[in-house]
Amino acid sequence: MTHLRAPRTYPDAITRIAGVIGWDQVKQITGRAERSVRYWSQPNCNTVPPIDQAQALDAAYIAAGGQGAPFFDAFEFQLGLQVQRETACTRELLDKIAIATKECGDALSAAMAVVSTNASPLSAHRAFAETEEADRAMNALMRLLSSFLPSDVSGVGNNGGNHQ
């Protein structure tokens, strides 16, 4: 059965390399069984060859006339995607921080007006409304901040905290 492999992924890289140098050469370079090296070509595979083997496979591919360096190209592309996602998340976090800061400032300013000697009867209503907006902005910030928390919190709470 033919599997669809996304371009610039590791399964695509090994498939391209094997298409040029053959699975026997892939096995020889990696010292792995055919089942193992063919598994690397499956889109659902969670393993890849170690870096030194990926470099050797790219070098053999290039030496055999292949265009580009499939593992290097896949690594570069995947790294670029990761950096873009992290940059986008950071920009969104900065936006949420700016909104929360503004809304909290507005709420505090309105609350201060309530204690003013010449406060109008509507001052408390305005302060309450501004504080609700600040609360919504802070909740949105907290939701986004939660995505920045490490997924493995096993060391959090131990003496000395989580030093990484």
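In the predicted model, residue Q53 touches I29, T30, R32 and W40 when residues up to four places away in sequence are left out of the count. Q53 has its place in helix α4, and its relative accessibility of 14% falls under the 20% limit, so that Q53 counts as buried. Further along helix α4 lies A54, which is likewise assigned to the buried class because its relative accessible area is 11%. Apart from neighbours within four places in sequence, A54 is in contact with P49 and F71. The C-alpha atom of A54 is also separated by 9.3 Å from that of A13, although the two residues stand 41 residues apart along the chain.

The contact between A54 and F71 belongs to the packing of two helices. Two packed helices are described by the angle between their axes and by the distance between those axes. For helix α4, which covers residues 51-63, and helix α5, which covers residues 70-114, the angle is about 125° and the axes are 7 Å apart. Because roughly perpendicular pairs have angles of 65 to 115 degrees and roughly antiparallel pairs have angles over 145, α4 and α5 are therefore described as oblique to each other. On the side of α4 the contact is made by A54, L57, D58 and Y61, and on the side of α5 by P70, F71 and F72. Sorted by class, this contact of α4 with α5 contains 6 nonpolar residues and 1 charged residue, with no polar residues.

Helices α4 and α5 also take part in the lining of the largest pocket, as the elements that give two or more residues to it. The space in this largest pocket amounts to about 240 Å³. Its lining is made up of Y10, V48, P49, P50, I51, A54, Q55, D58, F71, F72 and F75, and α4 makes the greatest contribution, with 4 residues. By class, the lining of the largest pocket has 9 nonpolar residues, 1 polar residue and 1 charged residue. Some residues appear in both descriptions: A54, D58, F71 and F72 are among the residues that line the largest pocket, and they are also among those that make the contact between α4 and α5.

A second helix pair is formed by α1, which spans residues 10-21, and helix α2, which spans residues 23-30. These helices pack at an angle of about 110°, and their axes are 7 Å apart. Since this angle lies within the range of 65 to 115 degrees, α1 is roughly perpendicular to α2. The residues that make the contact are I14, I17, A18 and I21 of α1, together with W23, Q25, V26 and I29 of α2. In terms of class, the contact of α1 with α2 has 7 nonpolar residues and 1 polar residue, and no charged residues. One of the α2 residues in this contact, I29, is also among the residues touched by Q53.

Residue S41 has its place in the loop between α3 and α4, and it is buried, because its relative accessible area is 4%, where the limit for this class is under 20%. Leaving aside neighbours within four places in sequence, S41 is in contact with R5, P11, I14, T15 and W23; among these, I14 and W23 are also named in the contact of α1 with α2. S41 and A13 are 28 residues apart in sequence, and their C-alpha atoms are 7.8 Å apart in space.

Other residues are partly exposed, a class that lies between the limits of 20% and 50% relative accessible area. A33, in the loop between α2 and α3, counts as partly exposed because its relative accessibility is 47%. The C-alpha atoms of A33 and L79 are separated by 29 Å, and these residues are 46 residues apart along the chain. In the segment before α1, A6 is partly exposed with a relative accessible area of 43%. A6 and A69 are 63 residues apart in sequence, and the distance between their C-alpha atoms is 16 Å. R8 also has its place in the segment before α1, and at 47% relative accessibility R8 counts as partly exposed. The backbone angle phi of R8 is near 60°, which is a positive value in a residue other than glycine.

Definitions and conventions:
Residues are numbered from 1 along each chain as its sequence is written. This is a predicted model: local features need pLDDT of at least 70, side-chain atom pairs count only at pLDDT 80 or more; totals for chains, interfaces and linings use all residues. Side-chain values use heavy atoms; hydrogens and water are left out. Axes are lines fitted to C-alpha atoms, for helices over the stretch in contact, and angles run from 0 to 180 degrees between N-to-C directions. Angles under 35 degrees count as roughly parallel, over 145 as roughly antiparallel, 65 to 115 as roughly perpendicular and the rest as oblique. Contact means heavy atoms within 4.5 Å. Ala, Val, Leu, Ile, Met, Phe, Trp, Tyr, Cys and Pro count as nonpolar, Asp, Glu, Lys and Arg as charged, and the others, Gly among them, as polar. Buried means under 20% relative accessible area, exposed over 50%, partly exposed in between (1.4 Å probe, protein chains only). On a 1 Å grid over the protein atoms alone, a cavity is a set of points where a 1.4 Å probe fits but cannot get out, and a pocket is an open set with protein on both sides within 12 Å along at least five of seven lines; lining residues have an atom within 4 Å of a point. Grid points are joined across faces, edges and corners, and a volume is the space filled by probe spheres set on the points.
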